[in-house]
Amino acid sequence: MSNLLSCQSLAKAFGAQTLFKNVDLVISYGDRIGMIGPNGAGKSTLLKILCGLEDADRGKVVSQRHVRVGYLAQIDIFDEEKGVSDNLFLSLEGADLDEIEKYNRVHTMLSRAEFTDDGRTAAMLSGGLRKRLSICRSLLTRPDVLIMDEPTNHLDIEGILWLEKMLSGTSADSPSTYILVSHDRTFLENCTNRIVELSPVYPQGSFEVKGRYSDFLEERGRFLHQQEQDEERLQNKVRRETEWLRRGPKARATKARYRIDEAYRLQDDLAQVKERNRAISNVRIDFEATQRKTKKLLEALGIGKSYEDKRLFANLDIVLSPGSRLGLLGRNGCGKSTLMRLLAASADETGLRADTGTIKTADGVRIVHFDQRRQDIDPAQTLRRALAPEGDSVIYQGGSVHVVSWAKRFLFRPDQLETPVGQLSGGERARVFIAGLMRQPADILLLDEPTNDLDIASLDVLEESLHSFPGALVLVTHDRFLLDRVCDRLIGFDGDGGVAYFADYEQWLDAMRERENGAGSAEKTGKSDKPLPQAAKKKSGKLSYIDQREYDGMEERILEVELELEAVQQRMDSAETLADPGALHECWQELQRVQEVIDGLYGRWDELEKKKLDGAS
C-alpha cells in the first residue's frame, strides 16, 4: 500500500494557545480517515496544512510526486451570479481535459447529484444545495486524496445518504482515498475505515484506530481506562519515593544519585498523566424542568400552514405529555422549523399562527425554543455578559452560580470572559446559546438543530441530558444517531404538504422512496402522485408503530423485572427475613407476583415475535 501523503511532527499554535503538536499522520491509497476531536483542537487547521493552504509552526508535509489533493472547505464559495453548471465548469479551468471530457464530467456529476439546470444561480440555492454543489466541485477533478471539512454541514438526511453513496461508490467520480472531519457519528461509522482523534488527553496529542467509529470507541475506552490506572500506579510510586526523599540528607546520601533523579522523574510523569486525564472534560448540560405533573402539556388538532401557494403541512395532530420524545424529519425547506415556531408561539398571543386547526396548551406551560438561527446573541457582546446578562452570577436550579464557575461548566476559560461573542468558534457560540436555555425552566423543549457545531463529546452529554429531561421534547436534527437514541416517534414531511408518523428514519426513507417510485410510474401513466398518508404505511414484515415500540423495549423491561426478582430473592434469603415468618410470607408473595410478571412479558414477547414473522411471510 503506497503512501500518498504524510505529515511528520506537525505543530501549530495561535498566540499562547497550542492547537496540536507532534502530530504524525500517513495517508495511504484506500484510506478513508475520519478525524474527530473537541472544538478548538485544530482539526480544520490541520486539514488546511495538509492542503498547503496554511503553514505549520514545526514539522513537514510530504507527498508523492504528482499527487492531486482536493479540498472541500466548510464555507461554500461560488461565483454567485453564475449557474450550477457554469460553477462546475469554472473548477475545471486549467485542467488537461478537452471540452467534450469537461462536458461529460460536469453533466454526469449534475445527474448524480440530482441537479436540474433550471437557470438558478448559485445565489438562489439553499444551504443544502450549495453544499451538494460544493461536494460535486471537489469530486469533479478526481483528486488522489480528497480532504473534507465537515462535509455534512447543511445537508438534510437524504443529502447525507446521497453523500455516503458517493463516497462508497466505485465509479471514477467516487474518491478512493479521503480524510474528513465530522461530528456525525453515524456518518463516521458508515464511511470510514480509520479514525484519528486530536486531543490533549493523549501523550502524543492524537490517537488512531484502524476500523470503524464503533471500533474506535472500544479502543479509546480501553486506552483511557489504562491511563487512569497508570495515574493511580504512579501516585503510589511517587508517594513511596517522596517519603524516602523526606527522610533527610543522611538517608538520601545512602542511595545512588540515579534513585533521586528517578523520584523527580516519576513526579514529572505523574503531573503529565494527571494533566492528560483532567483534559477529559465535557460540557455539563442539564436542562431545568418545572416538575409539572400535568398529563397533557400541548395538543394540536388539524393544524396546517402554507406560504404563498406552497402548502408545508396540513391536518397534523400532535399531543405532547411529560416524557414525550418527538423528532421531525424532512428535506430542507419542508416546514420543520415553521412547525417549531408555531409550537413555540402557542403559549402566548404573539408569534406565528397556524392557517388551520387549533393548538391548546396547559395553563402556564413553559416552552423553551432553541432556534437554529441563534439570532439572539449580539456578536459585540462579551462572553461574560452573554453567559450572565444580569451581573456576575446566574440563578440556576434555585441557587446562585458565579459566572466563572458557569463558564467552566461550558468549557470556557476565565481569560475568555472579555472576548466578544463574534470572535468565538461556531461550537463555542452553540454552547453559549445552550447555557442561556439552561437558565430557563421548561415543560417543553423545542430544539431546532441543536447539534450544529458541537463536538462529539458535547453531543454525548446532550444526549444524556435529553434522556433525563422529564418534560416533553420536540427535536429537529440531521444527526441520525441522536434521533435513534432519543426519539420514540417521528413526524415525516414529504415536501408537498403530506405528513405522517413513523417509528424511525429508515421507515420514513422507505416511504419516501416508495412515493418517488410511485411518482415515476405516475409520469409514465399520466396519473398524479399522492402525498404521504396521515398514518405511515407499514412495511412488510414490520409491526405496527405501537407494537414495534413495545417490542423494542421488551428486552430492557424484562431485564428490569428480573433484577427486581433477584433483589426480592436476596431479601428472602437474608437472615433477618428467615427469622421473621411474617416478612418471609410477604417476600414469598412478592416473589410469586414478580415471577408472574416475567412470565407474562416473555409470553407477550413471543406473541410479538410471531406477529413479526407472520407479517414478513
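**View 1. Contribution of α5 to the lining of the second largest pocket in the predicted model.** Helix α5 supplies six residues to the lining of the second largest pocket, which is the largest share. The elements that each give two or more residues to a pocket lining of 30 residues are α4 (127-140), α5 (157-168) and α16 (505-525).

**View 2. Centre and composition of the second largest pocket.** The space in this second largest pocket amounts to about 900 Å³, and the lining residues that lie nearest its centre are Glu114, Arg132, Glu158, Arg331 and Glu516. Sorted by residue class, the lining of the second largest pocket divides into 14 charged, nine nonpolar and seven polar residues.

**View 3. An open sheet of three strands with the order β11-β10-β13.** Pairing in this sheet is antiparallel, and the edge strands, each of which pairs on one side only, are β11 (310-320) and β13 (356-361). With direction ignored, neighbouring strands of the sheet are turned by 25° against each other on average.

**View 4. Pairing between β10 and β13.** Strand β10, which comprises residues 298-307, pairs with β13 in the antiparallel sense over five bridges, and in β13 it is Thr358 that stands opposite Leu301. In general, the strands of a sheet pair through backbone hydrogen bonds, in either a parallel or an antiparallel manner.

**View 5. Helix α10 across the three strands.** Helix α10, formed by residues 336-344, lies across β10, β11 and β13, and its direction runs at about 130° to that of β10.

How values were computed:
Residues are numbered from 1 along each chain as its sequence is written. This is a predicted model: local features need pLDDT of at least 70, side-chain atom pairs count only at pLDDT 80 or more; totals for chains, interfaces and linings use all residues. Side-chain values use heavy atoms; hydrogens and water are left out. On a 1 Å grid over the protein atoms alone, a cavity is a set of points where a 1.4 Å probe fits but cannot get out, and a pocket is an open set with protein on both sides within 12 Å along at least five of seven lines; lining residues have an atom within 4 Å of a point. Grid points are joined across faces, edges and corners, and a volume is the space filled by probe spheres set on the points. Helices (H or I, at least four residues) and strands (E, at least two) are DSSP runs, numbered from the N terminus. Ala, Val, Leu, Ile, Met, Phe, Trp, Tyr, Cys and Pro count as nonpolar, Asp, Glu, Lys and Arg as charged, and the others, Gly among them, as polar. Two strands pair if DSSP finds at least two bridges between them. Axes are lines fitted to C-alpha atoms, for helices over the stretch in contact, and angles run from 0 to 180 degrees between N-to-C directions. Contact means heavy atoms within 4.5 Å.
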